[in-house]
Amino acid sequence: MRRLALALALVVLPAEADDRRSGFDVMGPDTQAMQQDDTANPGILWVRDGEALWTRADGGKSCAACHGAVESMRGAAARYPVFDGAPLSLEQRINRCRTTHQGATPLAYESQELLALTAVVAHQSRGLPITPDADPHLGAVRAEGERLFRQRQGQLDLACSQCHDDNAGKRLAGNLIPQGHPTGYPVYRLEWQGMGSLQRRLRNCQGAVRAEPYAYGSAELVALEAYLMARAGGMPLETPAVRP
Amino acid sequence: MPRTLINVPQSVPRGTVFEIKTLVSHPMETGFRPDESGRLRPRDIIHTFVCTYNGEEVFRAELFPAIAANPFLSFTAVATESGELAFHWTDDHGAIHTETARITVT
Amino acid sequence: MTEPTRRSLLAAGAALLLVRPAHATPQAMAEAIRAFAEGAAKAQPGRVRLDLPALVENGNSAPLTVAVDSPMTPDTFVRRIAVFNEKNPQPNVAVFHLTPRSGRAVVSTRMRLADSQTIVAVAELSDGTFWSARAEVIVTLAACLEGG
């Protein structure tokens, strides 16, 4: 009995000690309300667009022709990035599907179509915990992502970790520095007045420290995504999140 | 073709006031924002929104560039009889986008 | 904003609303209120509730609700509600036209705020009276803007 209690304590303890916070928890009540009401969250416009694109035959085939209803994607986005010959972000997976199975052209990063498709796929995992994929190839990818996260860069000579690990919860100008967990991508950012991917956000941060942003789809950005999703492992997905 | 989200209760008791919420995808380009080359992007906004209930206007909004992108509006109407709510958004190009929703009054 | 600070230059680099060739002033707002209706300039404070967050996280989108305390019957109702600002490029925000069939005079939307400022709502009632409310909003400046 005591052993069982101990085992339970070990299971429960990390959860109790978890001081990770989604950006949702530190934003204002009005922005929280905007995210939580599906009739007021503008990100749902992209989800609806994605539902229409899911069944549209691009090239010879639609997504639905292979996968069936988009609900079959439940849980999928919570595992990404994955490894399939190479590290693969959700955007890259969709484009690989397009080129190899649909006979369609790849969609550009941040195009409204790709944002709509990633939004509808990730939306199926809303509320599910982020579950980093168990593929052993991803270990090295995440380690590289963590190295990049801790590497100083740009004219301001700042690493991601200096803001989002060391100083999270403090203020930078009028903003609270979030811990930087990618729990709701693609997100509707008020600053963007639209939807954007995690890679857009990462490039945005690089611009802020006056660094040359990594290219969309680059190994560096996918490695950072893989590290950040593992760092947020267990936290629920919120797509489409709203952020200031 | 803009995407819209419309929230109207399906069924409402006669005589009660119900809430209508609408969201439409639109950049609401102000005309005051420069593009990458420094030139001002031309103004492109939805300037008029009208809601009719069985053909009769119940709410109208004139919108200006100060309205946020992807305009959201919520307002109310009295449930008089079952029928159709129609929503019309008109932009600077003169394009009118229309959506409808059915309502049952009990 | 008399001379450019480092922060305003950073914001300008982001090509957001903070870059403005001109902006409204309290005078321009007063003129816009007169243009809305002659009687609006002499609107009495009261009967109108204007809700905006006191602290706005991002000036690109601030929720706004305006409600007028009035019956909505064919005899007495709120005809129009107009919202004005004093520091965006233009003083007008929106004009809402209501009817007795609106049932209640409550409207919500989201507005842009180029800066911390006063927002004014004016309601025109069917009896020809005008009522108004003001709200002060503070827009926090973002630290890391895209392209900044």
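**Notebook: core, contact and confidence**

I looked first at the largest nonpolar core (buried Ala, Val, Leu, Ile, Met, Phe, Trp, Tyr and Cys residues joined through C-beta atoms within 7 Å), and of its 121 residues B:Ile67, C:Ile81, C:Val83, C:Ala121, C:Val122 and C:Ala123 touch the most other members. I took a residue as buried if 20 or more other C-beta atoms, placed from the backbone, lie within 10 Å of its own, as exposed if 12 or fewer do, and as partly exposed in between.

I note that this is a predicted model, in which local features need pLDDT of at least 70 and side-chain atom pairs count only at pLDDT 80 or more, while totals for chains, interfaces and linings use all residues. Residues are numbered from 1 along each chain as its sequence is written, and chains are lettered from A and ligands numbered from 1 in the order in which they are written.

I then listed the neighbours of C:Ala123, leaving out residues up to four places away in sequence, and found C:Arg47, C:Val48, C:Val68, C:Val78, C:Ile81, C:Phe130 and C:Trp131, contact being C-beta atoms, placed from the backbone, within 7 Å.

In chain A I checked helix α7 (residues 112-123; helices are DSSP runs of H or I, at least four residues, and strands runs of E, at least two, numbered from the N terminus), and ten of its twelve residues are buried, including A:Leu114 and A:His123. Their cover includes α4, α6 (90-102) and β6 (194-196) of chain A.

For confidence, I read an average pLDDT (the predictor's confidence in each residue, from 0 to 100) of 86 for chain C, with 82% of the residues at 70 or above.
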